[in-house]
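Hi,

Here is the structure I promised to pass on. Have a look at it first, and my notes are underneath.

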Amino acid sequence: MSVYLLRRFAMMLVTFFGITLVVFTMTRVIPADPARAAAGVGASPQTVAMIRHELGLDRPLLTQYLFYMRDLSRGSLGKSVYSRKPVTTEVLRYLPATIELAMTSFLVLCLVGIPLGILAATHRGHAVDVVTRIAAVGSTALPIFWLALILQFIFFYHLHWFPIIGRSGGIALRPEHITGFYVFDALITWNWPALVDTLRHMFLPLVTLVASRLAVVVRLTRVCVLEVLSEDYVRTARAKGVPNSRIVYKHVLRNAAGPIVTELGMQLAWMLGGSAVAEAIFVWPGLAYFALLGMASVDYNVIMAFTLVFALIFLLSNLLVDVICALLNPKIRLE
Amino acid sequence: MMPLLRIVARWTLASRMRLCTVVFVVFILAIVAFGPLLSPYSTTAINASERFLRPSWSHPFGTDEMGRDIITRVLAGARLSVLISASVLSVTLIVGVVVGGVAGFYGGLVDLVVMRITEIFLTFPTLVLAMALAASLGPSLGSMILALSIAWWASYARLLRAKVIELREEQYVEAARALGMSSWRVLFRHILPNALGPLVVRITNDFGGVILFSTVLGFLGLGPQPPTPEWGLMVATASRYLAITPSYALFSGSALFITVLAFALLGDEVYESYRSTTRRD
């Protein structure tokens with residue numbers, strides 16, 4: 001098991017190294033000139049050259065990359081071209097909001113989607129099955145930003161039930177800053193008004209993210225469960241007269257769990273992209289929201305940090321998926 | 001051309017659901033081709049005296065914040081979105097064929113290196129990579145297409161490679177090589193035609209998806225800039241006037257939803273029929 005994990009971890013490091021190469025190339029070999037952009041409109045060539053030197057952009061690309069990797073190994077993501085603040089501090093400030101929204105949504109998605117998927121598989125052709133099939137095709141065609149606007153229109157402009165901007169309704173309602181995860185901070189300080197306020201702010205972005213992917217999760221859970229249901233050992237169990245509920249819980253779910261976890265891991269990539277859009281629409285002060293501010297001004301260090309952190313979150317969760325799969329299935333870890 | 005047409009016709013008429021789906025897609029494509037010709041209005045000309053008009057006979061979807069006819073812009077947006085998706089998938093397909101073909105044919109070290117690079121691209125969440133690329137390239141129509149292509153090619157390369165490796169051992173490929181054909185000729189004349197099935201499935205499935213991703217970039221301001229009639233951009237503008245004219249967001253968003261739905265249904269239909277034919281073999 002530990003050998004398997006070490007190998008997976010080493011592979012992840014290699015991939016991350018590759019990712020830094022890709023992202024670095026992407027943000028440097030571009031037509032837009034960050035130095036010129038930072039210097040502002042109408043800056044003299046001397047000023048642009050000075051800023052380029054200051055940012056280290058006049059060095060050879062390989063040197064720039066090595067410097068970047070050296071800084072990265074020390075936990076520094078460089079400085080923002082605009083605010084001149086270290087990007088790492090900014091990232092750490094915005095990251096909890098992103099993780100809180102994306103992971104809570106993902107958790108709700110799994111908690112609702114998986115049981116519905118099992119239900120759709122065991123009750124083939126019944127209402128759950130038919131409705132989720134139609135919803136699955138429909139929701140793959142539904143633009144997430146449009147869904148968000150519909151929800152905003154109904155629940156904010158029309159019903160006035162939920163707020164649509166930010167994470168909290170003001171400094172007075174914000175929980176004491178401990179971890180930066182508002183729900184968690186409010187819970188450990190027993191701050192009920194803050195907790196309610198945070199959850200109310202999180203409601204619409206969360207519903208947007210869950211609703212836009214729920215049917216897909218239900219469908220893929222259903223496929224995984226159906227695959228196992230058609231196995232010979234399930235037929236044998238049935239022939240032996242094992243009750244249906246026992247077959248589902250003891251035989252089917254055990255074996256379907258691995259594929260379901262793998263498929264859900266892929267859905268996480270979608271969730272990260274989706275939460276970036278939700279952050280923009282609901283002015284949720286997360287990493288994507290911060291990055292979009294930087295993107296407007298070709299702030300290459302911010303763009304790089306955004307891409308690297310999102311890729312890293314995805315890599316780490318994939319590693320977690322591998323661990324869970326190995327725990328569920330001894331065949332994998334003994335390979 | 002005729003045999004292809006006959007195959008498509010026979011496939012379409014096989015079930016009622018399929019016929020409906022194809023009619024739906026053809027209807028969308030007809031709008032893409034002829035829609036903009038139907039409207040007497042300009043997509044960009046500003047008309048300050050006609051801002052935020054309610055839907056009427058002369059402006060079926062009403063007018064926007066600059067007094068432009070919304071339906072005219074929605075129709076132009078359909079054409080733009082379909083063109084974006086077609087360009088992205090063309091680039092993706094070409095890169096996928098070349099990269100996947102090279103990796104599959106040469107094998108060994110070439111395969112190892114090429115596929116490691118491909119895998120790195122596959123580990124990025126697609127939308128995040130596309131956003132970062134579009135931002136680095138500077139927001140415009142061209143960089144949107146390029147960004148989406150770079151974020152999308154890797155899975156095609158992997159598919160092609162798998163197909164090449166699978167077909168490489170077939171006797172007709174061996175025969176062609178024994179006759180002294182070049183690798184590229186074998187790839188294009190013997191392997192690609194036999195990999196057509198999964199490719200068609202992938203492309204029909206991805207067509208709507210690329211439209212969706214492109215509108216997300218447009219919505220975030222990372223695509224074409226105003227006054228381009230791009231759907232994502234239009235919904236973003238409409239979102240600012242949600243309280244004044246919800247119909248603006250409703251119409252531009254519905255057009256996008258219906259178009260992507262048509263392609264999603266077609267993709268689903270093609271996928272199901274491909275799966276059932278391969279299973280029978």
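Below is what turned up on the contact between the chains and on the nonpolar cores. One thing to keep in mind: this is a predicted model.

Let's start with where the two chains meet. On the chain B side, 37 residues are in contact with 41 residues of chain A. Together the chains bury about 3300 Å², and 86% of that is on carbon and sulfur atoms. Polar links are few in number: the count is one salt bridge and one residue pair in polar contact, with both residues at pLDDT 80 or more. The salt bridge joins Asp268(B) to Arg133(A), with the closest N and O atoms 3.7 Å apart.

Which elements of chain B give two or more residues to the side that touches chain A? They are helices H4 (108-123), H5 (126-137), H9 (196-219), H10 (231-240) and H11 (246-280). H11(B) has the largest share, with 12 residues. By type, this side of chain B splits into 29 nonpolar residues, seven polar and one charged.

Now the cores. The largest nonpolar core has 171 residues, and those touching the most other members are Phe145(A), Val225(A), Met295(A), Met131(B), Leu148(B) and Leu222(B). Helix H11 of chain A (residues 244-281) is the biggest contributor, giving 16 residues. Met295(A) is a nice one to click on: leaving out residues up to four places away in sequence, Met295(A) touches Ile303(A) and Phe306(A) in chain A, plus Met131(B), Ala132(B), Ala135(B) and Leu222(B) in chain B. There's also a second, separate core of seven residues, among them Ala35(A), Ala38(A), Val48(A) and Val81(A).

Cheers

Definitions and conventions. Residues numbered from 1 in each chain as written. Chains lettered and ligands numbered in written order. Predicted model: local features only at pLDDT ≥ 70, side-chain atom pairs only at ≥ 80, totals over all residues. Heavy atoms only, no water. Core = buried A, V, L, I, M, F, W, Y, C linked by side-chain atoms within 4.5 Å. Buried < 20%, exposed > 50% of the residue type's maximum accessible area, 1.4 Å probe, protein only. Helix = DSSP H or I, 4+ residues; strand = E, 2+ residues; numbered from the N terminus. Contact = heavy atoms within 4.5 Å. Buried area = accessible area lost by both parts, 1.4 Å probe. Salt bridge = Lys/Arg side-chain N within 4 Å of Asp/Glu carboxyl O. Polar contact = N/O pair within 3.5 Å; in protein donor to acceptor, adjacent residues only side chain to side chain. Nonpolar A, V, L, I, M, F, W, Y, C, P; charged D, E, K, R; others polar.
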